[in-house]
Amino acid sequence: MYKDKLICAVIPAHNESTQIHRVIDTMPDYVDKLVIVDDESSDDTVEKVKKYQETNKKIVLLSHEVNQGVGGAIATGYKWARDNNYDIAVVMAGDGQMDPKDLPNLLDPVVEDKADYSKGNRLFTGEAYKKIPKIRYFGNAFLSLFTKIASGYWQIADSQSGYTAINKKALETINWDKMYKRYGQPNDLLVRLNVYNFRVKDVPIEPVYNIGEKSGIKIRIVMFTISWLLIKMFLFRMKEKYIIRNFHPLIFFYFFGALFGGITILLTFRMFYYWLFIGYIPSINALAAMFSFMSSSMFALFGMWFDMEVNKDLSK
């Protein structure tokens with residue numbers, strides 16, 4: 001136990017035969033259960049975990065018959081922790097990229113009821129730019145910005161960090177069967193937590209790379225799929241939080257921001273059509289496009305401002 005709380009470590013694993021031993025061997029003693037979720041590995045990950053089970057009774061092995069993605073593996077582990085009445089579930093990847101020394105800092109805000117969900121933030125450290133591969137660093141920064149808008153947690157960064165701790169109340173509230181099952185799981189979960197007004201805290205952690213891990217992430221594809229996911233989840237949050245559960249007029253600001261944004265695009269296309277094919281730009285068209293752009297920007301910025309005010313106490 002950690003400070004009188006039962007701790008369950010959820011460890012998603014897919015082809016982690018070379019790394020899973022590092023996670024098990026370095027797991028702190030205060031972790032009460034290690035739930036390793038094998039996501040249809042094709043290597044001998046399962047055999048290695050079963051070997052460990054012979055001497056370590058804390059290990060629970062769950063296996064997917066069909067590959068579901070890292071989000072699906074985490075959801076399976078979360079449901080196990082919920083159903084077995086654990087106080088806190090932490091996620092530690094099966095590739096050994098999460099340093100156990102950071103775990104107390106992640107657990108403390110949840111144990112002390114200062115947060116319902118804490119997550120690692122690798123960007124706080126000045127070493128992040130040097131240690132994280134550049135394409136991932138900039139991709140993470142891009143997705144973190146849009147995750148702030150989609151989730152309403154405006155003070156949270158490093159949205160793709162999977163090193164997290166979640167309390168029992170959140171485990172019992174979120175519908176894990178509806179959570180996104182691929183690499184956008186952290187983004188999807190932040191939006192769902194915001195809908196229920198759960199408190200989220202960023203905790204500085206050290207980025208860990210080049211320890212033998214093999215990433216299956218295809219950055220160029222993931223950037224598009226997660227961006228599309230964020231658009232859908234933003235609309236989901238607007239509907240659930242500001243229309244159905246507790247109406248807030250900021251929804252009108254976002255609506256008119258989007259409306260004028262669409263009009264701006266149409267007017268801009270029309271303006272370029274006249275310029276390219278007829279040889280002049282209608283002055284009324286240009287003025288209308290400029291007015292529409294300014295209106296869209298103002299409505300969107302006010303919508304964000306109101307959203308930040310509503311959620312300012314939910315993230316630190």
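What follows is a conversation between a biologist and a modeller about a predicted model.

Biologist: Why is Asp158 called buried or exposed, whichever of the two applies?

Modeller: Asp158 has a relative accessibility of 0%, and the word buried is used for anything under 20%, so Asp158 counts as buried. The residue sits in the loop between α6 (134-151) and β6 (164-167), and its phi is near 50°, a positive value in a residue other than glycine.

Biologist: Where else is there a positive phi in a residue that is not a glycine?

Modeller: Glu40 has a positive phi of about 55°, and its place is in the loop between β2 (33-38) and α2 (45-53).

Biologist: What makes Glu40 partly exposed?

Modeller: The relative accessible area of Glu40 is 38%, and since buried means under 20% and exposed means over 50%, with partly exposed in between, Glu40 is therefore partly exposed.

Biologist: How do you know that Ile281 can belong to the nonpolar surface patch?

Modeller: Patch residues need over 30% relative accessible area, and Ile is among the nonpolar side chains that may be joined; Ile281 has 38% and is partly exposed, so it passes that area cut-off. The patch covers about 900 Å² and is made by Phe272, Tyr273, Trp275, Leu276, Phe277, Ile278, Tyr280 and Ile281, and Ile281 itself lies in the loop between α10 (250-278) and α11 (283-311).

Biologist: What makes the space beside Asp158 a cavity, and which residues line it?

Modeller: A cavity is space where a 1.4 Å probe fits but cannot get out, and a search of the whole structure finds 1 cavity of 30 Å³ or more. The largest cavity holds about 30 Å³, and its lining includes Asp158, Ser144, Thr147, Lys148 and Leu190. With 4 residues, α6 gives the most to this lining, which has 4 nonpolar, 4 polar and 2 charged residues by class.

Biologist: Why is the second largest pocket called a pocket, and which helices supply its lining?

Modeller: The word pocket is kept for an open set of points with protein on both sides, and about 630 Å³ of space lies in this one. Of its 24 lining residues, the closest to the centre are Ile149, Ile231, Phe234, Tyr254 and Ala258. At least two lining residues come from each of α6, α9 (219-245), α10 and α11, and α9 gives the largest share, 8 residues.

Biologist: How many residues of that lining are nonpolar?

Modeller: The lining of the second largest pocket divides into 17 nonpolar, 6 polar and 1 charged; Ile, Phe, Tyr and Ala all count as nonpolar.

Definitions and conventions:
Residues numbered from 1 in each chain as written. Predicted model: local features only at pLDDT ≥ 70, side-chain atom pairs only at ≥ 80, totals over all residues. Heavy atoms only, no water. Patch = residues over 30% accessible without salt bridge, like charges linked within 9 Å, V, L, I, M, F, W, Y side chains within 5 Å. Areas by Shrake-Rupley, 256 points an atom, 1.4 Å probe, with all protein chains shown as cover. Salt bridge = Lys/Arg side-chain N within 4 Å of Asp/Glu carboxyl O. Buried < 20%, exposed > 50% of the residue type's maximum accessible area, 1.4 Å probe, protein only. 1 Å grid on protein atoms, 1.4 Å probe; cavity = no way out; pocket = protein on both sides within 12 Å on 5 of 7 lines; lining within 4 Å. Points joined across faces, edges and corners; volume = space filled by probe spheres on them.
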